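Open the model in your viewer and set it to a cartoon with side chains available on demand. The stops below are given in the order in which to select them.

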Amino acid sequence: MTSNRPILATRRLGKTDLEVTVVGFGGIPIQIVPEDVAVAAVRRAYELGINFFDTARGYTNSEERIGKALHGRDYFVATKSGNREAEGVYRDVERSLANLRRRQIDLYQLHGVNNDDELDNVLAAGGALEGLRRAREEGKIAHIGITGHRRETLVNAIQRCDDFASVQVPFNVVEDEILDNLVPLCAERDVGIIAMKPIGGGNFTNAPLAVKWCMAQPITVAIPGMATPQEVEEDVGAAHDLEMTAEEQAAIERMRSELSHRTCRRCRYCEPCPQGVQISSLLHGRSIIRRMGAARWKEWGAVEVIASVDLCTECGECLEKCPYELPIPELIREAAAHYRTVPELTED
Ligand code: SF4
Ligand code: SF4
């Protein structure tokens, strides 16, 4: 793209044919920092060679901030909508275009399609896919993608629908199960893979190494969330050399063994709890606070989520259902104790 920017390695994003940098900009965290910091972070990413920026209608001001920071520059942008109806998602495309100050959006994704019922809804007549097809025919968007947390649903999506040019899914040192099925399927169908949460939603300590490991795998682009120019510099630094040394590989193995049985994958196989404990929400709260802020989580019902921990009778039913053998009662108690120290969540 612009000649005086550093060159980062690029990969083709499946049938979109877009040549995207191996590290992209995850646009969730810029909504919780002051606007000048957010704009500086986005511009720093661009200056350091990143050419792929991911955001969403649901990330409050993230689209506007990226639009403001990069107006007039040459970059690829992906955004997404959680609206499930054709008309609603079409209107969201128009809002995104205005927010991003663009005439066309390179990739528009169906946001958070997390189970087969939701997939049925978006693919049905009058569903969200229909709205994105219309926007694509009119040139408002160039390509359609899908995002979600459950790999089985995403596998079904790719098998059922040729429209999807990309899939965005959690992928990191601990959550690498997509290597078994989704990754080979995407290779076969020429679908690009956007790896979200390469540092576990901010939960891993050695973030640059976790990002580097992620980029060294057979995915297209890793999009760590970045909020400040310093975070951008760390993540881009990891993209300059994708060869993993023996020491780095050993550190990755240590990270995996420490975190594997303590990291919730948000698959929700453990739910519903017979007592009404909101297990996955309790386990996911830290990541929401880090990326969206405690105040936002409170608006979404954090107080009720946290209170639900007291309903746990330690019956053990969830333990049998969690495929990752997480010690759920212990983890939810730890999480709730932490939330009860966060002022925004405890004050009226
Ligand atoms: S606790 Fe286990 S089953 Fe429940 S959402 Fe997390 S990883 Fe999935
Ligand atoms: S152990 Fe607690 S959280 Fe798990 S199913 Fe039983 S009551 Fe629910």
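Select Y108 first, then I144: the latter is the bridge partner of Y108 in β7. Before going further, note that this is a predicted model, in which local features need pLDDT of at least 70 and side-chain atom pairs count only at pLDDT 80 or more, while totals for chains, interfaces and linings use all residues. Residues are numbered from 1 along each chain as its sequence is written, and chains are lettered from A and ligands numbered from 1 in the order in which they are written.

**The sheet around β7**

Widen the selection to strand β6 (residues 105-110) and strand β7 (residues 141-147), which pair in the parallel sense over five bridges. Strands pair if DSSP finds at least two bridges between them; helices (H or I, at least four residues) and strands (E, at least two) are DSSP runs, numbered from the N terminus. I105 stands opposite I141 of β7.

Is β7 enclosed or open? Six of its seven residues are buried, so β7 is largely enclosed by the rest of the structure. A residue is buried if 20 or more other C-beta atoms lie within 10 Å of its own, exposed if 12 or fewer, and partly exposed in between, with C-beta atoms placed from the backbone.

Next, add strand β8 (residues 164-170), which runs parallel to β7 and is joined to β7 by four bridges. Here I146 has V167 of β8 as its bridge partner. Now show the whole open sheet: eight strands in the order β3-β4-β5-β6-β7-β8-β9-β10, with parallel pairing. Its edge strands, β3 and β10 (221-222), each pair on one side only.

**A165**

Stay in strand β8 and select A165. A165 is buried, with 22 other C-beta atoms within 10 Å. Leaving aside neighbours within four places in sequence, its contacts are G14, K15, T16, H143, I144, G145, V191 and G192. Two residues are in contact if their C-beta atoms, placed from the backbone, lie within 7 Å. D17 is 148 residues from A165 in sequence, yet their C-alpha atoms are 9.4 Å apart.

**Y90**

Move to helix α3 and pick Y90. Is Y90 buried or exposed? Y90 is buried, with 20 other C-beta atoms within 10 Å. Not counting residues up to four places away in sequence, Y90 touches G131, R134 and A135. Measure from Y90 to E130 as well: these residues are 40 apart along the chain, and their C-alpha atoms are separated by 8.7 Å.

**α2 against α3**

Keep helix α3 (residues 86-100) and add α2; the two pack at about 40 degrees, with their axes 7 Å apart. Axes are lines fitted to C-alpha atoms, for helices over the stretch in contact, and angles run from 0 to 180 degrees between N-to-C directions. The contact is made by E63, E64, I66 and G67 of α2 and S96, N99 and L100 of α3.

**Helix α1**

Finish with helix α1 (residues 35-47), whose 13 residues reach 18 Å from first C-alpha to last, close to the 18 Å expected at 1.5 Å a residue. The expected span is 1.5 Å times one less than the number of residues. Color A38, A41, V42, R44, A45 and Y46, the buried residues of α1. These pack against β3 (25-26), α2 (62-70) and α9 (229-237). Last, step just past α1 to G49, which takes a positive phi of about 110 degrees.
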